[in-house]
Amino acid sequence: METLVCIDCGKTHSADVPIVACDCGGLLDLDFTPAFDRDAIASRKPTMWRYREALPIPESAKVSFDEGFTPLLPVKIGGREVLVKQEQLFQSGSYKDRGASVMISKAASMGVKSVVEDSSGNAGCAVAAYCARAGISCRIFVPADASVGKLAQIALYGAALTKVPGSREAAAAAVLDAAKEAFYASHCYNPYFFQGTKTFAYEVAEQLGWLAPDALVLPAGNGTLLLGAHLGFTELFRAGLVASMPRLIAVQAANCAPLAEAFASGAADVREISTKPTLAEGIAIAAPVRARQMLKAVRETGGEFLAVAEADIKTSLLAMARKGFYIEPTSAAVIAGTERFAAKAAPETRIVTAFTGHGLKATEKLSTLV
Ligand SMILES: *Cc1c(COP(=O)(O)O)cnc(C)c1O
Ligand SMILES: [Zn+2]
C-alpha cells in the first residue's frame, strides 16, 4: 500500500485521507513501488493504463477516456530530426489529462463528492473533464483575466467557475481556503497528478523499444510534465527497463524565468523575480511550488534550463503550423527551446520533445498572429 511522504520532514501520512500538505507545511510525494510486466503491457490496449501495475489505482477504480499512448512522430526542428510526442491529442486538448485521470480516479475511489482546483487553463480543463466523467462536482478558481476559450471549456464540462481578481497567486490563495471543505485536486500539490504524468516517460521508452532518449526537452512552469517524466524514467531505470537516464532540458519563457535564473546562479530554489507578459501563458509561473525538485532533477541528469524569447516562440509556432501542427503558444515555447538545444547538441543525440497543448484552445491569441 502506498503512503504520502513529506519532502521536508519525512513524516508519512495515509494516502486515503485527503490532505494537501504535511503539518509542517512541506509538500507531499507518494511512496509507491511500481511493477512492470513487459509482455502483459504489450498485449494491452494502447492507453496509458496499459502500465497498470505501475499506477497506484486499482483497475476497477479508474476514471478514463482510454487516454494516452500518443504518437511519437519525427519532425524537422532546427534542421534535424526530433521525435515529438503528440500530447495535444488528449480528450481535453493537453497532456494534463494524464495527471487528471489518475488524480480524479484516486478522488473517486476515496468517495470524494466535490473537488476544487486553481488553474488559469489546461489543468482546470482536464480536472473539469474528468470530474464530469466521474460524476464529481467541481469548482475551478481562475484569475479574472484567464483566456475565454479555456473558461468556456471548463464551464461547459459543468464545473463552477470562481473568478479571483488579481494574479495567478491570488487564485491559489483563494483555493487553499476552499480546500478546507472540498478535495483539493491540485496539479501542483497532489502527488497523484505526477503519478499520471509519469506515464509520458513509460510511453516514450516503450515507443523507442525500451530505451531512454539522450535528451528530453520539456516545459518548466510548475513542472507537471518535467517532474512526471523524471519520476517515470527514474522508475524505469531502477527497474532495469532502460539503461540510462535522459538529460532533462527544461524550457521557460524569458519573460517569466525564475528557474532559469536560479539554475544559472547555482541556487537551490527560486527567488522573487520581476516578470513580463508572455505568449507562453501556460508556463508563466513566477513562484513554482516544486521549484527545488525541478532544479535538483535537471542538475542530476546533467541537463539545463533554457529561457526563450517571445520572437522565437512566435517563429516556432508559425514554423510548426506550416508543417501541419496546430499547437498552443505555450507549446511553441518548448519547440523554440528544442531548436536552440538541437543547434548545439552532438549530431547523434537522440532528442525527444512534446507538443503539449492543442492550438484550438488558443484561437483568440493565435488569430492575432495571422
Ligand atoms: C501545463 C502546460 C505546460 C507546462 O506545465 P507546467 O506544469 O506548468 O510545467 C506546457 N504546455 C501546456 C500546453 C500546458 O498546458
Ligand atoms: Zn513535514
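How far is an oxygen atom of ligand 1 from an N or O atom in the side chain of Lys-96? The separation is 2.8 Å, and that contact is a good place to start the tour. Before going on, please note that this is a predicted model, in which local features need pLDDT of at least 70, side-chain atom pairs count only at pLDDT 80 or more, and totals for chains, interfaces and linings use all residues. Residues are numbered from 1 along each chain as its sequence is written, chains are lettered from A and ligands numbered from 1 in the order in which they are written, and side-chain values use heavy atoms, with hydrogens and water left out.

Let us stay with the ligand. Around ligand 1 there are 15 residues, where a residue is near a molecule if one of its heavy atoms lies within 4 Å of it. The closest are Lys-96, Asn-122, Asn-222, Thr-224 and Thr-356. By class, this shell holds four nonpolar, nine polar and two charged residues; here Ala, Val, Leu, Ile, Met, Phe, Trp, Tyr, Cys and Pro count as nonpolar, Asp, Glu, Lys and Arg as charged, and the others, Gly among them, as polar.

Two threonines join Lys-96 in making polar contacts (pairs of N or O atoms within 3.5 Å; within protein, one must be able to donate a hydrogen and the other to accept it, and residues adjacent in sequence count only if both atoms are side-chain atoms). In the side chain of Thr-224, an N or O atom is 2.5 Å from an oxygen atom of ligand 1. With Thr-356, the partner is a nitrogen atom of the ligand, 2.7 Å from a polar side-chain atom. Of the 380 Å² of accessible area that ligand 1 has on its own, the protein covers 97%, with areas taken from the Shrake-Rupley method with a 1.4 Å probe and, for residues, only the protein chains shown counting as cover.

Thr-356 can also be placed in the fold. Its position is the loop between β13 (351-355) and α13 (363-367), with helices (H or I, at least four residues) and strands (E, at least two) being DSSP runs numbered from the N terminus. Thr-356 counts as buried because its relative accessibility is 7%; buried means under 20% relative accessible area, exposed over 50%, and partly exposed in between (1.4 Å probe, protein chains only). Between the C-alpha atoms of Thr-356 and Asp-31, 325 residues apart along the chain, the separation is 27 Å.

Now turn to the backbone, where two residues other than glycine have a positive phi. Asp-66 has phi near 60° and belongs to the loop between α1 (38-43) and β4 (72-77). This aspartate counts as partly exposed because its relative accessibility is 36%. Trp-210 also has phi near 60°, in the loop between α7 (199-207) and β10 (215-219). At 12% relative accessibility, however, Trp-210 counts as buried.

Back in the loop between α1 and β4 you will find Pro-56, a buried residue with 7% relative accessibility. Its C-alpha atom is 9.7 Å from that of Ser-105, 49 residues away along the chain. Another loop, between β9 (183-184) and α6 (191-197), contains Asn-190. Asn-190 is buried at 10% relative accessibility, and its side chain reaches the backbone nitrogen of Tyr-192 at 2.9 Å.

Finally, take a look at a helix and a strand. Ala-173 sits in helix α5 (residues 168-178) and is partly exposed, with a relative accessible area of 48%. Phe-141 is 32 residues from Ala-173 in sequence, and their C-alpha atoms are 9.7 Å apart in space. Gln-252, in turn, is part of strand β11 (residues 247-253). With a relative accessible area of 0%, Gln-252 is buried. From Gln-252 to Phe-305 the distance is 53 residues in sequence and 7.3 Å in space, C-alpha to C-alpha.
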